[in-house]
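Please take the sequence and the structure together, and follow the paragraphs below from one contact to the next. The walk begins with charged pairs and then moves to helices, loops and the surface.

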Amino acid sequence: KAMVGLWDDPANQIQTPFILNFAQDGNHAVCGTSMSGKSTFLQTVVYSLIQRYSPDYLNLYILDFSSRMMEPFEEDVHVGGILYEGDLDTVGKLFHMLQSMIQERKALFRGGNYYQYVSKNGMVCPAVVVVIDNIANFREKTEEAYDDVLLQISRECTANGMYLLISGAGFNATEIPGKLGENIRRAVSLEMQDKYAYGDILRSMQMP
């Protein structure tokens, strides 16, 4: 769980904690227009996670293809690495490692899932959050070479204690593609260009 802030409930005149629950909801996306605060939101989530959990419980791997706002976390013990636009040669190594991690966990869990294994054995292997800030730029710079791997990770990693946190402008061919979007269970919408875009992000016909 990551405590992000407070959200308003005007009908009841209260504010309640706004929490992202990766264990319960799996993969997350944060969507909004340019300068709407996506990188700041991701920065807040990462900070909340590393303050709440020890490295024995949580590890993070970050692809910052936006404004380098993840740079302050480079030396944090929770963070296995942060890659930027200039680190394209290393991206393949990271995804190879993540694929290997999934296979190792499948073998370790023996047909079960992460929750069942941890309940029985304790925190033997930490949860993992893979953060991608500005997925459109990441896909463009890598010429969409990792789309299939991302899809595999999004489909298989939740059962193995691994979760995606992605930022983008929305769910479309150039941002978060359809098949990947199907594996994102919770989307957070920041400012969008028009009221219909909110419905697309929140997957609801009810307009704000």
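**Charged pairs and their surroundings**

In this predicted model, Lys141 and Glu85 are partners in a salt bridge whose closest N and O atoms are 3.7 Å apart. Because Lys141 belongs to helix H5 while Glu85 sits in the loop between strand S5 (79-83) and H3, this pair ties together parts that are 56 residues apart in sequence. Both ends of the bridge remain in part open to the surroundings, since Lys141 is partly exposed at 36% relative accessibility, and Glu85 is likewise partly exposed, with a relative accessible area of 34%.

A second salt bridge brings together the side chains of Lys106 and Glu156, with 2.9 Å from N to O. Here Lys106 comes from helix H3 and Glu156 from helix H6, so the pair ties together parts that are 50 residues apart in sequence. Lys106 has a relative accessible area of 35% and is partly exposed, and Glu156, at 22%, is partly exposed as well.

Arg139 pairs with Asp147 in a further salt bridge, in which the closest N and O atoms are 2.8 Å apart. Salt bridges with shared partners join Arg139, Glu144 and Asp147 into one network. Arg139 counts as buried because its relative accessible area is 4%, a value under the 20% limit for that class. The count for the model comes to six salt bridges.

Asp147 also leads into helix H6 (residues 147-156), which is mostly covered, seven of its 10 residues being buried. Those buried residues are Asp147, Val149, Leu150, Leu151, Gln152, Ile153 and Ser154. What covers them includes helix H3 (88-109), strand S6, helix H5, strand S7 (162-168) and helix H7 (178-181).

Turning to helix ends and loops, Asn113 caps the N-terminal end of helix H4 (residues 114-121), with a side-chain oxygen 3.2 Å from the backbone nitrogen of Tyr115. Just after H4, Gly122 adopts a positive phi of about 85°. Positive phi values also occur in residues other than glycine, including Asn134, where phi is near 75°, and Gln13, where phi is about 55°. Asn134 occupies the loop between strand S6 (127-133) and helix H5 (135-141) and is partly exposed, with a relative accessible area of 25%. Gln13 is located in the loop between S1 and strand S2 (14-20), and its relative accessible area of 74% makes this residue exposed.

Strand S1 (residues 2-9) contains Met3, which is partly exposed, with a relative accessible area of 37%. Together with Leu6 and Ile19, Met3 forms a nonpolar patch on the surface, with about 260 Å² of accessible area for the three residues together. Asp25, by contrast, is buried at a relative accessible area of 15% and is found in helix H1 (residues 22-25). The side chain of Asp25 makes a polar contact of 3.5 Å with that of Gln24, and, leaving aside residues up to four places away in sequence, Asp25 touches Arg185 and Arg186.

As for confidence, the chain averages a pLDDT of 93, and 98% of the residues score at least 70. Among the elements of the chain, strand S4 (residues 58-64) has the highest mean pLDDT, 98, whereas helix H8 (residues 195-202) has the lowest, 79. Where pLDDT is low, predicted coordinates should not be read in detail.

Key:
Residues are numbered from 1 along each chain as its sequence is written. This is a predicted model: local features need pLDDT of at least 70, side-chain atom pairs count only at pLDDT 80 or more; totals for chains, interfaces and linings use all residues. Side-chain values use heavy atoms; hydrogens and water are left out. Patches are made of residues with over 30% relative accessible area and no salt bridge: like charges are joined within 9 Å, nonpolar side chains (Val, Leu, Ile, Met, Phe, Trp, Tyr) within 5 Å. Accessible areas come from the Shrake-Rupley method with a 1.4 Å probe; for residues, only the protein chains shown count as cover. A salt bridge is a side-chain nitrogen of Lys or Arg within 4 Å of a carboxyl oxygen of Asp or Glu. Helices (H or I, at least four residues) and strands (E, at least two) are DSSP runs, numbered from the N terminus. Buried means under 20% relative accessible area, exposed over 50%, partly exposed in between (1.4 Å probe, protein chains only). A polar contact is a pair of N or O atoms within 3.5 Å; within protein, one must be able to donate a hydrogen and the other to accept it, and residues adjacent in sequence count only if both atoms are side-chain atoms. Contact means heavy atoms within 4.5 Å. pLDDT is the predictor's confidence in each residue, from 0 to 100.
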